[in-house]
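Please open the model in your viewer and keep the sequence panel beside it. The tour begins with the whole chain and then moves to one strand and its neighbours.

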Amino acid sequence: AEYGMIKAEARGKVGLITLDRPSALNALCDQLMTELGQALGAFEADPAIGAIVLTGSEKAFAAGADIKEMKDRTYPAIHFEDFIGNKWETVLTIKKPVIAAVAGFALGGGCELAMMCDIIIAAENARFGQPEIKLGIIPGAGGSQRLIRAVGKSKAMDLVLTGRMMDAAEAERSNLVTRVVPVESLVEEALKMGEAIASYSLPSVVLAKEAVNAAYEMTLREGVRFERRLFHSLFATEDQKEGMAAFAEKRKPAFRNA
Ligand code: HXC
């Protein structure tokens, strides 16, 4: 499909979505978020795709929600349209793994969007922050909740209350990102990771993601029980039989996502 503010293309088994609104550092306006939702939905439905990479430009992953679009909105208007809830959380409904490849600014809603993804890889020039406090507001797309789970209370408070930016090295030290790579190789590294994930059996990949995400919402006891149910259910797949037979026969498995 053709979009105006993003690009979406298949790279092998990986769906690559590039935020492409350079005039506003990929500020996340309504149109962009609508298109992002459509592209995510299309890759989710495409059986040839096993993982998704979401990236921006070298200068900005996304500099936040679109401030100019938000500035005159009133309380009743944003409340009744469910601003954020109605468009921003599509990525949370995607079952396939979504990797955020972040170069440049990931601020406010941009940082929150990255945190909604399953894995964040950062380029050396990445800058993360929740600068909403400088605008007289607070994070509104889960920033206050997801940041603390990633980096702990002291650093989350530091970032949310001062609005300062954190560089890639600090983001890696504080476990917000899995690793840092040179800017030039960011997308390539993310695609490689996506390709590795997409080479496995999709039913197991989807349940692995679901199990890890459950840890956000459940007690340890409930989470382990939930994991056990998912684990057992994979023995109903052909790919479990194939994966284990291939190991025993010293050959590569041929997964069929079945
Ligand atoms: C609208 C934005 C924007 C944004 C940048 N632009 N960020 N427009 N919304 N969030 C626009 C600028 O107005 C400018 O347009 C162009 O992009 C280039 O930006 P500059 O500021 O000229 O670039 P630079 O000097 O390099 O500074 C980069 C920056 C700065 C430090 C990232 O742009 C900045 O502070 N942006 C706002 C960051 C922010 O506060 N984000 C949180 C937003 S609130 P023109 O037309 O002048 O060239 C939020 C709430 C989330 O995200 C709640 C849930 C969704």
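**From the whole chain to one strand**

Of the 258 residues of this protein, 45% count as buried, and the model you are looking at is a predicted one. With the whole chain in view, its C-alpha trace spans about 60 × 45 × 40 Å along the principal axes; the radius of gyration is 19 Å, which agrees with the value near 18 Å that a compact globule with 258 residues would have. Colour by secondary structure next, and the protein shows 11 helices and 10 strands. The exposed surface comes to about 13,600 Å², of which carbon and sulfur atoms supply 57%.

Now select residues 51–55, which form strand β3. Five of the five residues are buried, so this strand is largely enclosed by the rest of the structure. Show the side chains and turn the strand over: A51, V53 and T55 lie on one side, I52 and L54 on the other, and both faces are covered.

Add residues 14–19, strand β2, which pairs with β3 in the parallel sense over five bridges; within this pairing, T18 stands opposite T55. Then bring in residues 30–45, helix α1, and you will have β2, α1 and β3 together as a right-handed β-α-β unit.

Finally, select residues 98–102, strand β5, which also pairs with β3 in the parallel sense, here over four bridges. Which residue of β5 is the bridge partner of T55? Centre the view on T55, and the partner to look for in β5 is A101.

Technical notes:
Residues are numbered from 1 along each chain as its sequence is written. This is a predicted model: local features need pLDDT of at least 70, side-chain atom pairs count only at pLDDT 80 or more; totals for chains, interfaces and linings use all residues. Side-chain values use heavy atoms; hydrogens and water are left out. Buried means under 20% relative accessible area, exposed over 50%, partly exposed in between (1.4 Å probe, protein chains only). Helices (H or I, at least four residues) and strands (E, at least two) are DSSP runs, numbered from the N terminus. Two strands pair if DSSP finds at least two bridges between them. A crossover is right-handed if, with the strands pointing away from the viewer, the path from the first strand over the helix to the second runs clockwise. The radius of gyration is taken over C-alpha atoms; the globule rule is 2.2 Å times the number of residues to the power 0.38. Accessible areas come from the Shrake-Rupley method with a 1.4 Å probe; for residues, only the protein chains shown count as cover.
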